[in-house]
Amino acid sequence: EGMAPPRRILFPPEKICLNWQQRRGAGAGLYNLGNSCFLNSILQCLTYTPPLANYLLSREHSQSCLQQQTCVMCTVEEHINKVLRCPANAGRPMAVGNVLNLMGDHFQYGQQEDAHEFFLYTVNAMQTACLRGRSNLDASSQSTTAIHQIFWGFLRSRVTCLSCRAVSDSYEAFLDVPLDIRAASSVTAALKGFVEPERLDGQNRFKCASCNKMVVACKKLTLHHAPNVLTLCLKRFDDFTGRKICKAVKYPEDLDLRPYASERLGEPLRYSLYAVLVHVGSSCGAGHYFCYIKASNGLWYKMNDTAVTPCDLSTVLKQEAYLLFYVR
């Protein structure tokens, strides 16, 4: 809805497998190569993303890769296969570190980065790698890669003119949902705030096509197409000062997105938590990152660079989370 149908399907959606296809314990920890905890924690969260791991463990991408030079997808594929298939006590993510410049020009080896930003750039780089060598693809066809179908969803922005009640809809792909936690003590409260109607007035008035003038309007965001993997970013760093918002925000193991969807009626949109990324420190440019992941054996582990330790769910749910990863 809101988009033309794709002229070409790059990866059949029925091949996206949301449940683990193989059962195994946690893989290797990762050595810190110098301020690389942001990279290690995001790599671990990606490694234990079930539909991504299933796809990359099949090596389907590398077997049909059209890139002549270094490929981010092939690099991540090799890393995940090495960590999960041949687990050692710890591994060195050198190969991924060597392609940082392909993920973002500003990433420098040995320099601390924001884990959230690195996640966005990494997934976008994997999407770009899936499209390399495929020319003249329409936008709808580009959204049929395995990566796009795993991580992306679509938001609907509905603006209603308060004079004539005319409705204007627009749609936008999203990779994560940023949640304002300043006035929220839980993820569900923050999600409710995310879809709260916004009044467009004063300098923010809306140009209504029916009234043919600037009008007072109401704007409401909703989740129009729910992603297979839902990434929630708790906005812990102030946009202006960069200072960290340190507060407890409750988050559930199981989440229903139906109350925040465009279509409120229907079956629940159920998601299950599988990774939690934590930042310790006072600002996004400093501190330390580590994560908790749920392995394919159903057990939780704390991944802190080389240290991989079992933990229970109650510990996972008590963290001062920065990023939350849910699978449908």
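**Group meeting talk: strands, helices and cores**

Let's start at one residue pair: Gly153 stands opposite Phe174 in E4. Keep in mind that this is a predicted model.

Gly153 belongs to strand E3, residues 153-161. Its partner here, strand E4, covers residues 167-174. The two pair in the antiparallel sense, over eight bridges. Together E3 and E4 form a hairpin. Five residues lie between the strands. One residue in that turn deserves a look: Arg165 has a positive phi of about 70°.

E3 has another partner. Eight bridges join E3 to strand E9, residues 217-225, and these two also run antiparallel. To find the place, go to Thr160, which stands opposite Cys218 in E9. Is E3 mostly covered or mostly open? Mostly covered: eight of its nine residues are buried.

Now the helices. Take H2, residues 50-57, and H4, residues 72-85. Their axes come within 9 Å and cross at roughly 95°. An angle from 65 to 115 degrees counts as roughly perpendicular. H2 and H4 are therefore roughly perpendicular to each other.

Which residues meet there? From H2 come Leu52, Ala53, Tyr55, Leu56 and Leu57. From H4 come Met73, Val76, Glu77, Ile80, Asn81, Leu84 and Arg85. By class, that contact has nine nonpolar residues, one polar and two charged.

Stay with H2. Eight of its eight residues are buried, so H2 is largely enclosed by the rest of the structure. The list runs Pro50, Pro51, Leu52, Ala53, Asn54, Tyr55, Leu56 and Leu57. After H2 comes Arg59, and its phi is positive, near 60°.

One more residue in H4: Thr75. Why do we call Thr75 buried? Because its relative accessible area is 12%, and buried means under 20%. Leaving out residues up to four places away in sequence, Thr75 touches Thr70, Ala95, Val96 and Val99.

On to the cores. The largest nonpolar core has 58 residues. Which of them touch the most other members? Met73, Met103, Val123, Ile147 and Phe151. Helix H7, residues 115-131, supplies the largest share of this core, with eight residues.

Look at Ile147 up close. Setting aside neighbours within four places in sequence, Ile147 is in contact with Leu52, Met73, Val123, Met126, Gln127, Cys130 and Trp152. Two of those names came up a moment ago: Leu52 from H2 and Met73 from H4. Apart from this core lies another, of 34 residues. Among them are Ile181, Tyr260, Val276 and Val316.

Last stop: three strands further along the chain. Strand E13, residues 288-294, and strand E14, residues 300-304, pair in the antiparallel sense over four bridges. Cys291 stands opposite Met303 in E14. E13 and E14 form a hairpin with five residues between them. In that turn, Gly298 has a positive phi of about 85°.

E14 then pairs with strand E15, residues 307-311. This pairing is antiparallel too, over five bridges. Asn304 stands opposite Ala307 in E15. How many residues lie between the strands in this hairpin? Two, and Asp305 takes a positive phi near 55°.

To recap, on the structure in front of you: find E3 with its partners E4 and E9. Then find H2 across H4, roughly perpendicular. Then Ile147 in the largest nonpolar core. Finish on E14, which pairs with E13 and with E15.

Technical notes
Residues numbered from 1 in each chain as written. Predicted model: local features only at pLDDT ≥ 70, side-chain atom pairs only at ≥ 80, totals over all residues. Heavy atoms only, no water. Pairing = 2+ DSSP bridges. Core = buried A, V, L, I, M, F, W, Y, C linked by side-chain atoms within 4.5 Å. Buried < 20%, exposed > 50% of the residue type's maximum accessible area, 1.4 Å probe, protein only. Contact = heavy atoms within 4.5 Å. Axes fitted to C-alpha atoms, helices over the stretch in contact; angles between N-to-C directions. Parallel < 35°, antiparallel > 145°, perpendicular 65-115°, else oblique. Nonpolar A, V, L, I, M, F, W, Y, C, P; charged D, E, K, R; others polar.
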